[in-house]
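Me: Could you take a close look at one buried spot in this model for me, and then place it in the wider fold? I'd like the cut-offs spelled out as you go.

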Amino acid sequence: MQTWQSVPVPHVPGPPRPLRLYDTASREIRPTTPGQIATMYVCGITPYDATHLGHAATYLAFDLVHRVWLDNGHEVHYVQNVTDVDDPLLERAARDAADWVVLAMRETALFREDMEALRILPPREYIGAVEAIPEITEVVAKLLAGGVAYRVGDESYPDVYYDHAATQWFGSESNYDEPTMLALFAERGGDPDRPGKRHPLDPLLWRMARPGEPSWDSELGAGRPGWHVECSVIALNRLGMGFDVQGGGSDLIFPHHEYSAAHAEALTGQHPFARHYVHAGMIGLDGAKMSKSRGNLVFVSKLRGDGGGVDPMAVRLALLSGHYRTDREWTPALLEAATSRLADWRSALTAPAGPPAADTIARLRTHLSDDLDTQRALLAVDAWVSEARSGRGADPDAPGRLRAAVDALLGVSV
C-alpha cells in the first residue's frame with residue numbers, strides 16, 4: 001500500500017539526548033535502547049471515516065518518537081497497518097449502500113492527505129490487512145497445528161479461535177485482571193459469550209465466509225482475518241520479535257495489543273513482542289472521548305479545508321500543548337491559543353536576529369527526551385520568542401538555528 005509524502009528533517013547541531021518513554025507493561029519511564037536501526041510499529045486506522053483529532057494526536061506522538069530517534073542518529077524502520085477489512089468497515093459500507101473497497105480506498109487516501117498536512121513522517125512500510133492475508137493464513141495454520149488455536153462452530157462456519165492461555169505471558173502487557181479484561185473485550189469488538197469457545201477471552205483468528213461478506217480462499221477455508229492477528233503478523237514479519245516500540249492509542253492496550261503480543265509469543269516461544277508499549281491518551285469533546293460511535297468528532301480535513309481554513313501547524317501545536325499520555329479536551333480556545341502561538345513563533349523565528357539559541361535547543365531536546373514532554377518544550381520556545389520579540393538579542397544566526405530545531409524535533413514549520 002502506498003504511504004504518504006515525507007518532508008525533509010533538518011540537521012540540528014549540538015548533542016542529542018537519548019529518548020526515555022513510559023512503558024505500559026512495566027509501568028515506568030525507561031530508556032529506549034535501539035540499535036543503529038530503531039524499530040517501531042504503530043497500529044493504523046480502520047478506514048470507514050475521516051481522520052479525527054484523536055487519530056491525529058496518536059500519530060503525532062509517534063512522529064515525535066521518530067524525530068527524536070532521527071536526532072540521535074538512528075535510522076527508523078517504522079511500520080504501520082491499515083485495517084482495510086473488518087466489521088466496522090463492512091457495517092459502515094452497508095449502512096451507506098457503498099462498496100466497502102471504495103470506501104476503504106477513499107478514507108485511506110484522505111488519511112494520507114491529513115498526515116501530509118500535519119507533517120507527520122510516513123512509515124517505511126504501510127501495509128493493508130488485505131495484502132497481508134497470505135501471511136496471516138500461514139500463521140493461523142501454524143497456530144492450529146501447534147494446538148494453540150482451535151475451531152468453533154458447526155460444519156458451515158468453523159471459525160478459528162486462539163487459546164488465550166497458550167503462553168505464560170498473557171496479561172503482562174496490560175496488567176489487567178480478568179474481570180477488566182472481560183469487560184473491555186466485550187466493549188471493544190470481542191465475543192466473550194460465543195458458545196463453544198474454550199474460554200470467554202479467546203479471540204477470533206479467522207472468520208469463515210458468510211453470505212454477502214468478503215472472503216479469501218486459503219488452507220483454512222474461505223474467510224477473512226480477525227483484527228488482532230493482523231497486526232501481530234505484519235509486525236512480526238517486518239520487524240521481528242523484540243522490536244523497540246509498539247504504539248497506539250490507550251484504547252488499544254486491551255484487547256488489541258495484548259492479543260497481538262500473545263499471538264506472536266505463542267508462535268515463536270519468545271518474549272516480549274515489543275520492548276516498549278507506548279500509548280497515547282484520548283482526545284475528548286464536550287466531556288466524552290472522540291469516537292465514531294458517539295459521533296462527537298472533529299475532523300482534521302474539515303479544520304484545514306471546506307471553509308475551515310485552519311493552518312495545520314496550529315492544529316499540530318494545539319495537540320502538542322498537552323502531554324501525549326494525558327486524556328484531554330479539544331476546545332475552540334485551545335485552537336485559538338495555538339494559532340496565536342504560531343503567529344508569535346513565526347514573527348520571531350523569521351526575524352533578522354535574536355537571542356542565542358543554543359540553550360533553548362538544548363532545553364527542547366531535554367524535554368522531548370523525557371517521555372515527550374511537549375508542554376515544557378513549547379514553553380522553552382515561548383521563552384526565547386518572548387525575549388526576541390522584546391528586542392533583546394542580536395545573534396543573526398539564532399532565529400534560523402532555532403527554526404530548524406523546531407522543524408526537526410517538533411515538526412512545526414514556521
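Reply: Happy to! Let's start with the side chain of Thr 83, which forms a polar contact of 3.2 Å with the side chain of Asn 81. A polar contact here is a pair of N or O atoms within 3.5 Å; within protein, one atom must be able to donate a hydrogen and the other to accept it, and residues adjacent in sequence count only if both atoms are side-chain atoms. A second such contact, of 3.0 Å, links the side chains of Thr 83 and Glu 230.

Before going on, a word on the source: this is a predicted model, in which local features need pLDDT of at least 70 and side-chain atom pairs count only at pLDDT 80 or more, while totals for chains, interfaces and linings use all residues. Numbering runs from 1 along each chain as its sequence is written, and side-chain values use heavy atoms, with hydrogens and water left out.

Thr 83 sits in the loop between strand 4 (75-82) and helix 2 (87-95); helices (H or I, at least four residues) and strands (E, at least two) are DSSP runs numbered from the N terminus. Because its relative accessibility is 1%, Thr 83 counts as buried, a label for anything under 20% relative accessible area, with exposed meaning over 50% and partly exposed in between (1.4 Å probe, protein chains only). Leaving aside residues up to four places away in sequence, Thr 83 touches Ile 45, Thr 46, Pro 47, Ala 129, Trp 227 and Glu 230, where contact means heavy atoms within 4.5 Å.

Those partners fit into a wider picture. Of contacts between residues at least 6 apart in sequence, 79% join residues at least 24 apart. Of the 414 residues, 55% count as buried, and the fold holds 13 helices and 14 strands.

The backbone has some details you may like as well. Arg 27, in the loop between strand 1 (20-23) and strand 2 (28-31), has a positive phi of about 60° although it is not a glycine. Arg 119 also has a positive phi, near 60°, and lies in the loop between helix 3 (100-117) and strand 5 (125-128). Arg 27 is exposed, at 52% relative accessible area, whereas Arg 119 is buried, at 13%. Cis peptide bonds appear too: one runs from Phe 254 to Pro 255, with omega near 10°, and another joins His 271 and Pro 272, with omega about 5°. These are worth pointing out because most residues other than glycine have a negative phi, and most peptide bonds are trans.
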